Amino acid sequence: MADRNGPYFEDIDLGDEIGPVELVATDENVINFCQLWGNPMPNRFTSQEMAEASGLPSPIVPGVMSMAIMSQALTDWAGPEALKDLDLVFRQPVPHNKPLLISATVTDTRQEDGENLVECDVLMMGEAGERYVGGTALISLPSNEE
Amino acid sequence: MTMELEYNRELYGVEHEAGPFAITADVIQTFNRSIGETNPMYTDAATAQAAGYNGVLAPPTLVTMLVRNVELPDIELKFGIMRFHAGQRVQSRAPIVAGDSLMASSHLKEVYPKTGRSGTMVFTVWETTFTNQDGVVVADVQESYASRE
């Protein structure tokens with residue numbers, strides 16, 4: 001147990017805050033992501049012209065990529081096998097090359113079917129308080145009594 | 001008053017399949033690089049093997065990249081002119097490990113209207129279940145698309 005870096009279930013209280021973790025999705029990150037995703041380029045995620053044609057001021061981060069980086073923030077905290085459920089609503093277009101602040105707040109803790117579960121509200125915000133992506137996450141943590 | 005939606009309800013209960021998708025260590029590594037993922041359970045085979053896995057673990061949202069490979073039909077919704085990706089959910093059911101081969105099966109889950117401050121939108125939700133080479137369900141992904149007038 002001593003080699004575990006993440007939290008134990010008993011460490012968690014209602015209202016605990018995780019983060020915010022700050023990161024930036026650069027143009028290059030988004031292009032790499034779209035290449036792997038198989039989305040034909042240029043597209044509204046990588047091209048200024050195509051973004052404007054879609055009514056956007058500039059290229060945006062794909063929702064699938066926003067989910068990936070929010071998941072990463074959670075697994076960095078809880079552990080690589082911990083995330084059981086991530087349910088997100090894409091509220092506003094997420095911009096490239098600007099700080100994205102990812103945070104979570106614990107809303108419930110419970111033991112269910114032998115698992116120690118922690119439920120959180122999760123949020124991706126911009127520097128000026130823009131609420132880009134919101135939702136909930138369900139995380140399973142080990143007990144320090146096991 | 002209930003809003004009567006016009007779309008192809010015969011699509012309920014129909015599965016649309018795609019795959020197999022080979023989840024190689026290279027695929028996982030490329031995914032890791034694109035989001036700056038460095039957790040050794042996702043990047044280092046020796047670390048993952050020491051934890052009891054046959055290879056590196058796939059980060060839990062990697063399967064969401066595969067959903068677009070399923071050819072989904074037009075539901076012929078008679079509402080709205082704009083359509084956008086409104087939400088996404090991934091539920092991890094079992095570990096996905098380098099070397100796995102996944103099949104995807106998608107179906108129309110629900111279509112429903114919602115009225116808020118910006119007016120009425122209609123949400124179309126598709127659910128995709130991923131199953132590995134041993135027949136184990138490893139993840140469910142829901143994608144929600146909103147249509148707006």
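This is a short walk through a predicted model with chains A and B, one selection at a time.

**Stop 1: the interface**

Start by showing both chains and selecting the residues where they touch. The contact takes 28 residues from chain A and 26 residues from chain B. Together the chains bury about 2400 Å² between them, and carbon and sulfur atoms give 55% of that area. Now pick Met65(B), Arg68(B) and Gln88(B): these supply 24% of the area that chain B buries against chain A, more than any other three residues.

Next, look for the polar side of this contact. The rule finds 10 residue pairs in polar contact across the interface, both partners being at pLDDT 80 or more. Which parts of chain B make up its side of the contact? H1, helix H2 (40-43) and E2 of chain B each supply at least two residues there. E2(B) brings the largest share, with eight residues.

The count of salt bridges between the two chains is two. To see one of them, select Arg89(B) and Asp87(A), whose closest N and O atoms are 4.0 Å apart.

**Stop 2: Thr64(B)**

Stay with chain B and centre on Thr64(B). This residue sits in the loop between helix H3 (45-50) and strand E2 (82-92) of chain B. Is Thr64(B) buried or exposed? Its relative accessible area is 1%, so Thr64(B) counts as buried.

Show everything around it and you will find residues of both chains. From chain A, Val64(A) and Met67(A) touch Thr64(B). From chain B, the contacts beyond four places in sequence are Gln88(B), Val90(B), Val141(B) and Glu143(B). Gln88(B) is thus a neighbour of Thr64(B) as well as one of the three residues picked out at the first stop. For a polar partner, turn to Thr61(B): its backbone oxygen lies 2.6 Å from a polar atom of the Thr64(B) side chain.

While you are in this loop, move along to Glu76(B), which is also placed between H3 and E2 of chain B. Its phi is near 60°, a positive value in a residue other than glycine. Glu76(B) has a relative accessible area of 41%, so it counts as partly exposed.

**Stop 3: three strands of chain B**

Switch to a cartoon view and select residues 100-116 and 119-131 of chain B. These are strands E3 and E4, which pair in the antiparallel sense over 13 bridges. A hairpin of two residues joins E3(B) to E4(B). To check the register, label Ala104(B) and find Phe130(B) standing opposite in E4(B).

Then add residues 137-148 of chain B, strand E5. E4(B) and E5(B) also pair in the antiparallel sense, over 11 bridges. Here Phe123(B) stands opposite Ala146(B) in E5(B). The hairpin of E4(B) and E5(B) has five residues between the strands, and within it Gly135(B) takes a positive phi near 80°.

**Stop 4: helix H1 of chain A**

Cross over to chain A and select residues 27-37, helix H1. Which of its residues are buried? Val30(A), Phe33(A), Cys34(A) and Trp37(A) are. They cover an arc of only 100° around the axis, so they lie on the same side of H1(A). Rotate to the other side and you will see Glu28(A) and Gln35(A), which are exposed.

What do the buried residues of H1(A) pack against? Show helix H3 (63-78) of chain A together with helix H1 (25-35) of chain B, and you have their packing partners. Just after H1(A) comes Gly38(A), with a positive phi near 85°.

**Stop 5: backbone details in chain A**

Finish with three places where the torsions are worth a click. First, Gly19(A) and Pro20(A) are joined by a cis peptide bond with omega about 10°, and Pro20(A) is found in strand E1 (residues 17-24) of chain A. A cis peptide bond also joins Met41(A) and Pro42(A), here with omega about 0°. Pro42(A) is in the loop between H1 and helix H2 (48-53) of chain A.

Last comes Asn97(A), in the loop between strand E2 (83-90) and strand E3 (99-112) of chain A. Its phi is positive, near 60°, although Asn97(A) is a residue other than glycine. With a relative accessibility of 42%, Asn97(A) counts as partly exposed.

Conventions: Residues numbered from 1 in each chain as written. Chains lettered and ligands numbered in written order. Predicted model: local features only at pLDDT ≥ 70, side-chain atom pairs only at ≥ 80, totals over all residues. Heavy atoms only, no water. Helix = DSSP H or I, 4+ residues; strand = E, 2+ residues; numbered from the N terminus. Buried < 20%, exposed > 50% of the residue type's maximum accessible area, 1.4 Å probe, protein only. Polar contact = N/O pair within 3.5 Å; in protein donor to acceptor, adjacent residues only side chain to side chain. Contact = heavy atoms within 4.5 Å. Pairing = 2+ DSSP bridges. Arc of directions from axis to C-beta. Buried area = accessible area lost by both parts, 1.4 Å probe. Salt bridge = Lys/Arg side-chain N within 4 Å of Asp/Glu carboxyl O.
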